[in-house]
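Let's take a friendly walk through this model, moving from a whole chain to a helix pair, a chain contact and a single residue.

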Amino acid sequence: MDSKVKLGIIIILIIIGAYFLFKPGVQYDRIEIAGSTSVQPVAEKLAEKYMEKHPNVKINVQGGGSGMGIRTAQQGIVDIGTSSKKLKDNEKDGLQDFVIGTDGIVIALNTENNVTDLSTEQLRDIFSGKITNWKEVGGPDATIHVIVRESGSGTLSSFKSLVMKKTNITSDAIVQGSTEAVKQAIKQDPYAIGFVSLSHMSSDVKAIEVDGITPSETTIADGSYPLQVPFLFLTKGDPKGITKDFIDWVFSAEGQAIIREEKIVPAIANVSDDT
Amino acid sequence: MQTVFWASGIITVIILLVIIGYILIKGLPAINLEFLLAEPIDSGESGGIAPMIVSSIYVTLVAGIVAAPLGVGAAVYLAEYAGENKVVKLIRFGAETLASIPSIVFGLFGLSFFVIFLGMGWSLFAGGLVLALMALPTIFQVAEVSIEAVPRSYREGSLALGATKWETIYRVVLPAAIPGITTGVILGLARAISEAAAIMFVVGSALSMPISIFDPGRPLPLHLYVLATEGISMENAFGTAAVMVILILIITVVTNTLVERYQKKMMGR
Amino acid sequence: MSSNKLEEYLVEKGLFLTAIFSIIIILIIIAFIFREGFPIFQEYGVLNFIFGMNWAPSDEQYGVFTMIVGSLCITGLSLLMAVPLSILCAIFMAEIAPKTFRKILKPTIETLAGIPSVVYGFFGLIVLVPLVRVQFGGTGFSMLTASIILTIMILPTIISVSEDALRSVPHEYKEASLALGATQWQTIKNVIFPAAIPGVITAIILGMGRAVGETLAVIMVAGNVTQIPNSILDPVRALTSNIALEMGYATGVHYNALFGTAIVLFIMIMVLLVIANYFHYKKKVVIGGGYL
């Protein structure tokens, strides 16, 4: 009897639990966003604020990479794909792109390194393996440890087209899979050099001037800082319905202000005067 | 020889202590009641991880409910019913291959099979299924070893008393093998609960609190991964890691205690 | 009686279904990976793909040989470190350690199996990489660093499964051996360990599987350079790392090439398993099992 009572209670609990688990969720309007991991944090913040204003909308932001954003947007699996690199012509294929903001690429060194400025040519020579010792660019007598991002990363492809032009990156370069991994690698190695996006910069590592220009929101907005990366929203054809409303809101003063909070230069430069 | 064994035991303990200590020292300062009970603010830069804890529980439940019966069932079949024939070799080989498939491949498979092909959409349910596939071989392999280890005399005794084969398995073999089966389930689910790469493309990574298992969510390891690799907040990343370590520690201690009690009870009879 | 027979029949068939489930899943996964990966073999050539030394998607060069070597080296080196340590530790826990010691150690080890690989990756990046750089030179990102991290990651799996195998060796074996005047070490070496070998090999296979398949942690410490390593201090790229690093971005042929990498990985794993199984079954025949 006793064990039967116990069994009964367990079964009832399971049924109640199952009811809650399988009960279909409240019906929301959904927007699915996927793509670039660099765009992910800002897209999440935009989504969070938008959902506060529109409680009946659920926005789902996931990473996966720029390629994933492009592919899933093309296949119509997501409503918005995101990318942190310009689309190649063969990738466009019916996609509409919206530049929601611009990020910069910062050349980062260990804080102990006394080098403060490198020209684009010097960067190209360092990353191609022509310059291998810090003393050739005014630093200590030590081998340069080059750290790059993985092939295809939005940051890497922008770096390549802006700095390397046609030159290849040295095959000795250490490859790291994420912004934070690059930063941590530089932080613990006094002779390392790498690049991260401006929005991800922190005091762990040192940002240097490129061609004498300090990376900042101002120098990116006025175009004088050479290393810039676009943040893209991609839709298949013209956006419709709730997706259109969301994108319109992203380009409103409110949306652009959130983008600026993330240290990304908004697409509409004079947004603060615009309102 | 004694010294070698002691030395290896102690080396292992030191490694364990270093890793767990490292996580706890870095992570504990971030943990407080608010961290556990609040929703994340600014993609996790501040606020808590309550939705992630719930998401993790959901995917692990789905994985456990799907994988444990399948794994144990397969183990029973191989240990008790099948002889050593080609099919059995193939099954075992299949399980080993499944165990060796990299998590990232599971992730891509989950995306194109469950999410897109079967039309489940990004949900914790789909994530749970992917994790079930990952946990399955571990559960199966460990369970099989422990079922085979049940002494032959137990089975012969039961059969001699007139029990059918299935009764023997159900009442004698399985209860005797429970400790090993539990280890297998814990090991399998521990791998599942800590997996980020496999569910990255499947669970939808939503930050809000999931209500049903068909909602998208973001389990703890994925949250940890995004926090850490995108440098959103290393403090909260380690806080999340510490919460996971503590959760898993609690689960293993509780199950180990239960198994031990159970063993004592069995011995007593 | 006939209802009993029916039940027996249904149970057996049901269990059979659960048993072949993993094969069905494998077949689905294989079908899917081959569908996506096959085009690269057609376009680039199987031999060029497998034995090509250059991987440069931007120049349409897709050779994975350096990564095959990388994966094998990392896995081999970590097994070399992990297997002796974990088997000794398992024997220690099962036969020698005081009971309280074991009671604390076992849940801790199982907890370790549940720590996410990202955490191991960051631990490696922040603690081990500088250590290796300062001690041995180079950048610190190396085969050695990756193997150490993998060793730590697979220890719990191998220890805990082989410990279970050792403990499930019937007591009679041990008592008989001791009664015959064998020392504890002789008993372990000649009776308990041989009897537990199938379980220990399962444990090693599980550990190897985890080592070959590990992605996120290896990415952070291996350096991911596509070259044949000259020493254990050179950076390497594993096949898994290649997929995980670039999958997010790949489109077109590059995308197929990454699935091609998965196929190569798959075949490599199968070959490793066949080798491991050869020893597994050979031993099993010698021991005999508790089959009904």
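A strand here is a DSSP run of at least two E residues, and strands are numbered from the N terminus. Please keep in mind that the model is predicted.

**A residue in chain A**

With that definition in hand, we can place A:Gln62, which lies in strand E2 of chain A, spanning residues 57-64. Is A:Gln62 buried or exposed? A:Gln62 has 29 other C-beta atoms within 10 Å, and a residue counts as buried when 20 or more lie within that distance. A:Gln62 is therefore buried.

What does A:Gln62 touch, once neighbours within four places in sequence are set aside? Its contacts are A:Ala34 in its own chain, plus B:Gly204 and B:Ser205 from chain B. A:Ser36 is also worth finding on your screen: 26 residues separate it from A:Gln62 in sequence, while the C-alpha to C-alpha distance is 8.5 Å.

**Chain C as a whole**

Now turn to chain C, which holds 11 helices and 2 strands. Reading from the N terminus, the order of its elements is α-α-β-β-α-α-α-α-α-α-α-α-α. Its C-alpha atoms occupy a box of roughly 70 × 60 × 30 Å along the principal axes. Chain C has 292 residues, and 54% of them count as buried. Among its contacts with a separation of 6 or more, 73% join residues 24 or more positions apart.

**Two helices that pack together**

Within chain C, helix H3 (residues 65-96) packs against helix H6 (residues 143-167) at an angle of about 35°, and their axes are 6 Å apart. The crossing of H3(C) and H6(C) is right-handed. The residues of this contact include 21 nonpolar, 5 polar and 3 charged ones.

**Where chain C meets chain B**

How many residues does each chain bring to the contact between chains C and B? Chain C contributes 76 residues and chain B contributes 80 residues. On the chain C side, H1, H3, H4, H5, H6, H8, H10 and H11 each supply at least two residues. H1(C) gives the largest share, 19 residues. By class, the chain C side has 52 nonpolar, 18 polar and 6 charged residues.

The table sets out the classes for the two contacts.

| Contact | Nonpolar | Polar | Charged |
|---|---|---|---|
| H3(C) with H6(C) | 21 residues | 5 residues | 3 residues |
| Side of chain C that touches chain B | 52 residues | 18 residues | 6 residues |

Both H3 and H6 of chain C, the packed pair described above, also supply residues to the side that touches chain B.

Note on methods:
Residues are numbered from 1 along each chain as its sequence is written. Chains are lettered from A and ligands numbered from 1 in the order in which they are written. This is a predicted model: local features need pLDDT of at least 70, side-chain atom pairs count only at pLDDT 80 or more; totals for chains, interfaces and linings use all residues. Axes are lines fitted to C-alpha atoms, for helices over the stretch in contact, and angles run from 0 to 180 degrees between N-to-C directions. Helices (H or I, at least four residues) and strands (E, at least two) are DSSP runs, numbered from the N terminus. A crossing is left-handed if the near helix is turned anticlockwise from the far one by less than a right angle, and right-handed if clockwise. Ala, Val, Leu, Ile, Met, Phe, Trp, Tyr, Cys and Pro count as nonpolar, Asp, Glu, Lys and Arg as charged, and the others, Gly among them, as polar. A residue is buried if 20 or more other C-beta atoms lie within 10 Å of its own, exposed if 12 or fewer, and partly exposed in between; C-beta atoms are placed from the backbone. Two residues are in contact if their C-beta atoms, placed from the backbone, lie within 7 Å.
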